[in-house]
Amino acid sequence: MDFKKLVVSALKPALEGELDDATIDLLVETPKSSELGDYAFPTFSLAKILHRSPKMIAADLVSQIDATPFEQVKAVGGYVNFYLDKISFAHEVLQEIATEGQHYGDVKLGQGNVPIDMSSPNIAKPMSMGHLRSTVIGNALANILGKVGYTPIKINHLGDWGTQFGKLIVAYNKWGSEAAVKADPIKNLLNYYVKFHEMAEVDPSLEDEARAWFKRLEDGDEEAVKLWRWFRRVSLAEFNRIYKILGVDFDSYNGEAFYNDKMASVVKTLESKHLLKTSQGAEIVDLSKYNLNPALIKKSDGATLYMTRDLAAAIFRKNHYHFVQSLYVVGNEQREHFQQLKAVLLEMGYEWANDIHHIPFGLITANGKKLSTRRGNIILLEKVLQDAVGLAKKQIAEKHPELPNADVVAQEVGVGAVIFHDLKNERLDNFDFNLEEVVRFEGETGPYVQYTNARAHSILRKAKIAPAPEVALNDPAAWDILRALGDYPSIVVRAANEYEPSVIAKYALRLAKAFNKYYANFKVLVEDSELPARLAMVAATTQVLENALHLLGVAAPKEM
Ligand code: ARG
């Protein structure tokens, strides 16, 4: 039941001719304090149109509104405040959650395929914090969009092609060893690459060698391809270790190399539409009418570029998946690239370019400074996750020494803490990473939400009777919990519309806080007539916390 609709339809007859439904819906807000009602309608914008005082309009509206579905409707200043009938609200919400279970909050906003370009690290290079963010944000968005009816397709657009592979092959042949690559692939491949650049400063002929090797690779030379495949395979194996820890998988690993044979036709189309221009020996598409820098399609040496591959990828995804939206979860620093990508596609006459959305995000910092993404960060990432698990283990041992499965739970809590911390911040915000803070069991953390859920489960385990949502619950102290429970479906909608997992994370914190406040002040397991209904509320809380954590890709242990 959507209680906001109740408010909108109560206001509607009185506002006929003044405001349409959608505008009323937009204006109705949730007051900061429940003393000011459960919903409020501000009259200020109406006052400007009608040239009357907000106060008078509010009083007028109250006299016209049919208040039967509500406990009370009251004018306060320029607001009309609506108080819901708490008993019937509790009844409806608890019933609904009990019936729908893990499907509570499923809404149909749309349907069809939505490819999500996410993670996308570069072969033979360490995965950066940015790739980690892209991975967890992309995964949460896939879950959220799946909940509202779409079919997400998670694509890891690996950076697995480019002139750097010529350099890498030269360096490997000169200074590398199979054993070293096998022992620690990314670290050693990176070292070779760094060494190549050092040596090439004194010996420029190395660059020619690298070019020749890359040419061999492009021409399908067996030896070159074999090495490239191997570098790709061992790098991916390392990335997969991280993905496994995070619990993230992909529907496709088609990276840049996949588009090698798909770019010629893009360039041909650009030519036939007279969009290509030569500038300083390079082929570009002029985008000045979009106020953008030109898009580079071909370098002077004929090598195709990042942009050209993304054009081919966008077109491939449209033809292959027939997408209704196509998302790219990539750091904010690539904003212009995606603006250019859309603009070029529009110039080519592809209307569907408007369904492409870049989902940018901010940086992870440490003490306010950008984390270095240069060396060895894959090790760093794994280490961060391991340390988080270690910290979780320590706290669990203190709080719950005889917990069965303590290792599994510590894993779920430690990793969940890192994911939750990433997702509770608004996507575009930069945020600081301090491990101790992230894994705390109190405060705005993942473990806090998980712990609340486990605590609620332990109440249910201790109860001697079953929850009964059909029993009336007249408990003013439970109101904040019930309100939060009832808000969940609209929260999912907002998260989906804004591509913003933080909406879900913040909501989980709100529900957990409301529950803990109640738990700190009242005993749930008192044997009175409302006990079965209170238990239904506890059960509903676990259900919704679990649904929310699940959307974020965070585990919800029942005991911890
Ligand atoms: N590999 C790129 C990087 O690390 C990210 C790729 C993003 N996806 C895309 N289709 N351009 O910066």
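Start by selecting Asp310 together with the ligand in this predicted model, where an N or O atom in the side chain of aspartate 310 lies 2.8 Å from a nitrogen atom of the ligand. Add Tyr306 to the selection, since a polar side-chain atom of tyrosine 306 is found 2.7 Å from a ligand nitrogen atom, and then Ser120, which places a backbone N or O atom 2.9 Å from a nitrogen atom of the ligand. Taken alone, the ligand would expose 350 Å², and the protein buries 89% of that area.

Next, widen the selection to the residues that surround the ligand, among them Asp117, Asn122, His131, His157, Tyr328, Val330, Gln334 and Phe338. If you colour this shell by class, you will find 4 nonpolar, 5 polar and 2 charged residues.

Now move to the domains, colouring residues 3-84 as domain 1 and residues 389-552 as domain 2. The centres of domain 1 and domain 2, taken over C-alpha atoms, are 33 Å apart, and their contact draws on 5 residues from domain 1 and 4 residues from domain 2.

Which residues supply 67% of the area that domain 1 buries against domain 2? Select Ser34, Asp38 and Leu84, which contribute that share, more than any other three residues. The area buried between domain 1 and domain 2 is about 340 Å², with carbon and sulfur atoms giving 43% of it.

Finish by selecting Asp38 with Arg483, whose side chains meet in a salt bridge at 3.7 Å, N to O; the count between domain 1 and domain 2 is 1 salt bridge. On the side of domain 1 that touches domain 2, the residues divide into 2 nonpolar, 2 polar and 1 charged.

Notes. Residues are numbered from 1 along each chain as its sequence is written. This is a predicted model: local features need pLDDT of at least 70, side-chain atom pairs count only at pLDDT 80 or more; totals for chains, interfaces and linings use all residues. Side-chain values use heavy atoms; hydrogens and water are left out. Domain bounds come from an automatic or database domain assignment. Contact means heavy atoms within 4.5 Å. Buried area is the accessible area (1.4 Å probe) that two parts lose on being put together, summed over both. A salt bridge is a side-chain nitrogen of Lys or Arg within 4 Å of a carboxyl oxygen of Asp or Glu. Ala, Val, Leu, Ile, Met, Phe, Trp, Tyr, Cys and Pro count as nonpolar, Asp, Glu, Lys and Arg as charged, and the others, Gly among them, as polar. A residue is near a molecule or strand if one of its heavy atoms lies within 4 Å of it. A polar contact is a pair of N or O atoms within 3.5 Å; within protein, one must be able to donate a hydrogen and the other to accept it, and residues adjacent in sequence count only if both atoms are side-chain atoms. Accessible areas come from the Shrake-Rupley method with a 1.4 Å probe; for residues, only the protein chains shown count as cover.
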